[in-house]
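Trainee: I should like to go through this model with you, strand by strand. May I put my questions in turn?

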Amino acid sequence: MIYLCSPFQNLEIMYAIVDIAGKQFKVSKDQQIFAPRLTGESGDKVEFDKVLLVDNEGKVKVGNPTIKGAKVSGKIVEHLKGDKVIVFKKKRRKGYKVKNGHRQQFTKLVIEDIKN
């Protein structure tokens, strides 16, 4: 059996681990992520300079704590809300019941470029 492209071949894709609003994301080019709500309108460009790790075709750079000069740029697609979470508190035999709902706000981003 002859493969034109081996199914066992390890595809080398450049990726980075970046800190966005206190959370760490593994991102690659043209990837869409849902980050905590960021300031800006849809269509605005954003840059993140807290890059913790960059892997470029097997060449790994690890920051201490961040890599100097490395940036991840992207574009805001839209702002949206997550699924509703119901918070229900009850203390038995006391007549105490509280019901609250919460929807987390997110920003949908498209990663455009990784510079190291």
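Trainee: How many bridges join β3 to β8?

Mentor: The model is a predicted one, and in it β3 and β8 run antiparallel. One pair of facing residues is P36 and F106, the latter in β8. The number of bridges that join β3 to β8 is five.

Trainee: Which strands stand at the edges of the open sheet that β3 and β8 belong to?

Mentor: Four strands form this open sheet, in the order β3-β8-β7-β4, with antiparallel pairing. A strand at the edge has a single partner, so one of its sides is left without a neighbour in the sheet. The strands in that position are β3 (32–36) and β4 (45–48).

Trainee: By what angle are neighbouring strands of this sheet turned against each other on average?

Mentor: The strands concerned are those of the order β3-β8-β7-β4. With direction ignored, the average angle between neighbours is 50°.

Trainee: Is T107 buried or exposed?

Mentor: T107 lies in strand β8, which spans residues 96–115. Leaving aside residues up to four places away in sequence, T107 touches I33, F34, A35, P36, R37, L38, I76, E78 and H79. Its relative accessible area is 0%, and because the limit for burial is under 20%, T107 is classed as buried.

Trainee: Which residue has a side chain in polar contact with that of T107?

Mentor: The residues touched by T107 include I76, E78 and H79. The polar contact joins two side chains at 3.1 Å, and the partner of T107 is H79.

Trainee: How many residues of strand β5 are buried?

Mentor: Strand β5 covers residues 51–56 and is mostly covered. It pairs with strand β1 (residues 15–20) in the antiparallel sense through four bridges, with I17 opposite L53. Of the six residues in β5, the number buried is five.

Trainee: Which residue in the turn between β5 and β6 has a positive phi?

Mentor: β5 and strand β6 (residues 59–62) pair antiparallel over four bridges, and N56 stands opposite K59 in β6. The two strands form a hairpin with two residues between them. The turn residue with a positive phi, about 55°, is E57.

Trainee: Which ring has the charged end of K91 over it?

Mentor: The structure holds zero aromatic pairs, but charges do sit over rings: K26 lies over the face of Y15, at 4.4 Å from the ring centre. For K91, the charged end is 5.5 Å from the centre of the ring, and that ring belongs to Y96.

Technical notes. Residues are numbered from 1 along each chain as its sequence is written. This is a predicted model: local features need pLDDT of at least 70, side-chain atom pairs count only at pLDDT 80 or more; totals for chains, interfaces and linings use all residues. Side-chain values use heavy atoms; hydrogens and water are left out. Buried means under 20% relative accessible area, exposed over 50%, partly exposed in between (1.4 Å probe, protein chains only). A polar contact is a pair of N or O atoms within 3.5 Å; within protein, one must be able to donate a hydrogen and the other to accept it, and residues adjacent in sequence count only if both atoms are side-chain atoms. Contact means heavy atoms within 4.5 Å. Two strands pair if DSSP finds at least two bridges between them. Axes are lines fitted to C-alpha atoms, for helices over the stretch in contact, and angles run from 0 to 180 degrees between N-to-C directions. Rings of Phe, Tyr and Trp (its six-membered ring) pair if their centres lie within 6.5 Å; planes under 30 degrees apart count as stacked, over 60 as edge-to-face and the rest as tilted. A charge sits over a ring if NZ of Lys or CZ of Arg is within 6 Å of the ring centre and within 35 degrees of the ring normal.
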